[in-house]
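The exercises below are meant to be worked through with the sequence and the coordinates side by side. Please try each task before reading the solution that follows.

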Amino acid sequence: MKKYLMLDRRLLSPQAMENVRMEVSRPVKDAAHNPLFTQDQPWEVRIDNGYPNVLYDEEAGLYRCYYTLFIEDEDSRLADRRERSRRDYIPRPDRTPGLAYAQSRDGIHWEKPSLGRVQWNGSAQNNIIFAYAHGTGVMIDQRDPDKSRRYKMVTKMDQPGTQAYMAVSFSSDGLDWCDPIPWPEYNPPADSHNLPFWDEEQNCYALLSRIWKDGIRITTLSRCKDFLHWSEPQETLRGSGFENQIYAMPAFRWGNLYLGLASMIHEGDRLSENFDCVDLELTWAADPAKFDFVAAGQHLIQRGAGVYPDGDFDCGCIYASPPVMSPDGKMWVYYMGSNGRHTNWRDGALGRAEWKPDKFAALTPRQPERDSVVATCRLRVSGENLEILADVVENAGEYKLEAELSPFWNSRPFDGFSYGDSRVEQNAGGWWSVRFAGGLEQLAGEKVSLKLRLRNVKLWALRGDVEMAEHRLWEGAQ
């Protein structure tokens, strides 16, 4: 049974659409527990963006969090609250980045174990994995037969005033890591979250990182077979001018798509209310070399209220980790929030928000009092099952959801497959079954366009015995 999200632009026929808009679904913050941990250790001088990598290790029954911080930053260390109220933060060129680690049994209560790996202020009793590691990304790799490489990381080793280079490291347990191994080729700026993942289509590793181009920040993709010889980074997505630049964009695989969590920094106008703040937006791709925004300008996790120093822990900036599925089946987006503007004073902390699987973005009515129409690309039918993931709009009036099938979106429906021949019934779990008087299996082998007529209903996905046969993003003969 195939499943397609409505945010997948390949699925839709935009010429046929009426009275609908794409709307992202915001994960619900865990108000009872946020923030989960703060920068409460002496070496956590400034967590800054954090670039969190939260993974659930099923074998150990542990949530693991790898996060970037500054372990040396004289201005942050010496300036008290009174001093900070008088002037802006001045980052020194000799501040030292590092990679730290925390773990949790339940995803709520976190500890920062003493690892004994890195000397800080004369002691190795801290949770630092590497000094000088910046923008680290970590993945668990179950495909690699070499158990010593089960955990993999990509990082920028950045020793102020001496050298900066891309590197990888490996671990069997996520705690004991080998010395960083420099990339043999290329040394991109990569001054952001460097997130590795497995590319299903290309059967290789992929890396989302960042370069600077045309005066702005650009998200890039590299690929690799052995996790060491990476290709030259190529642009995969950029924002809009100075005002909406992509600072970091970790991504994750969901069904037949990749979804990205883009942290958008706002520059270009110091008088703007959101100047130097960072908001989170949702992106998508069928091929990670070509990302796009799901609904540009819509914020995925709303920043908290207030301003530095008394605002919410996430009132200034938000940087997310790819979602984690907990053992009880819930989907959590862990994120590092900070309570100040990006280039000024701020403190960082880890939070989380719950997201509903498949309900990432929905086609919703623009004008509730009118009918809406959505049509798909041509789908090839192979059986009798067809379902729509939909919800009735809250606090709305009368609702309806009807379906028809036709050879093309603008042609007459097949006999027995018109709106009047359809029966759409709501089932458990939010999926609505679609049945026709003619029986869907009668169209097996045919290419059809599914048209939906609805009122006060929002659409998340469809699934069933149908497969995308032709779509708008077709780019030429194979």
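**Exercise 1. Is Arg 87 buried, partly exposed or exposed, and which side chain does it meet in a salt bridge?**

Solution. Begin with the accessibility: Arg 87 has a relative accessibility of 25% and therefore counts as partly exposed, where buried means under 20% relative accessible area, exposed means over 50%, and partly exposed lies in between, with a 1.4 Å probe and protein chains only. Next, look for the partner: the side chains of Arg 87 and Glu 83 meet in a salt bridge, at 2.6 Å from N to O, the term being used for a side-chain nitrogen of Lys or Arg within 4 Å of a carboxyl oxygen of Asp or Glu. Finally, check the partner, and Glu 83 turns out to be partly exposed as well, with a relative accessible area of 23%.

Before going on, note that this is a predicted model, in which local features need pLDDT of at least 70 and side-chain atom pairs count only at pLDDT 80 or more, while totals for chains, interfaces and linings use all residues. Residues are numbered from 1 along each chain as its sequence is written, and side-chain values use heavy atoms, with hydrogens and water left out.

**Exercise 2. Describe the chain as a whole, from its secondary structure to its dimensions.**

Solution. The first step is to list the elements: the chain has two helices and 33 strands, taken as DSSP runs numbered from the N terminus, with helices (H or I) of at least four residues and strands (E) of at least two. The second step is to consider the dimensions, and the C-alpha trace spans about 80 × 50 × 45 Å along its principal axes. The third step compares the radius of gyration with a rule: a compact globule of 478 residues would have a value near 23 Å, and the 24 Å of the chain agrees with this, the radius being taken over C-alpha atoms and the rule being 2.2 Å times the number of residues to the power 0.38. As a last step, consider burial: 56% of the 478 residues count as buried.

**Exercise 3. Which strands are linked by the salt bridge of Arg 223 and Asp 199, and by that of Arg 463 and Glu 387?**

Solution. As background, side chains of opposite charge can pair when their charged atoms come close. Take Arg 223 and Asp 199, whose side chains meet in a salt bridge at 2.8 Å from N to O. This pair links distant parts of the chain, with Arg 223 in strand β16 (residues 216-224) and Asp 199 in strand β14 (residues 195-199), 24 residues apart. Arg 223 is partly exposed at 22% relative accessibility, whereas Asp 199 is buried, with a relative accessible area of 0%.

Then turn to Arg 463 and Glu 387, which form a salt bridge with their closest N and O atoms 2.6 Å apart. Here too the pair links distant parts of the chain, Arg 463 lying in strand β33 (residues 457-468) and Glu 387 in strand β28 (residues 372-392), 76 residues apart. Arg 463 is partly exposed at 24%, while Glu 387 counts as buried at 15%.

**Exercise 4. Place Leu 55 and find what surrounds it.**

Solution. Leu 55 belongs to strand β5 (residues 53-57) and, at 16% relative accessibility, counts as buried. Leaving aside neighbours within four places in sequence, Leu 55 is in contact (heavy atoms within 4.5 Å) with several residues, among them Leu 62, Tyr 66, Val 138, Met 139 and Val 324. For Met 139, the C-alpha atoms are 7.6 Å from those of Leu 55 although 84 residues separate the two in sequence.

**Exercise 5. Where are the cis peptide bonds of Pro 35 and Pro 309 found?**

Solution. One cis bond joins Asn 34 and Pro 35, with omega about -10 degrees, and Pro 35 lies in the loop between β3 (28-29) and β4 (37-38). Another joins Tyr 308 and Pro 309, with omega about 5 degrees, and Pro 309 lies in the loop between β22 (292-293) and β23 (317-320).
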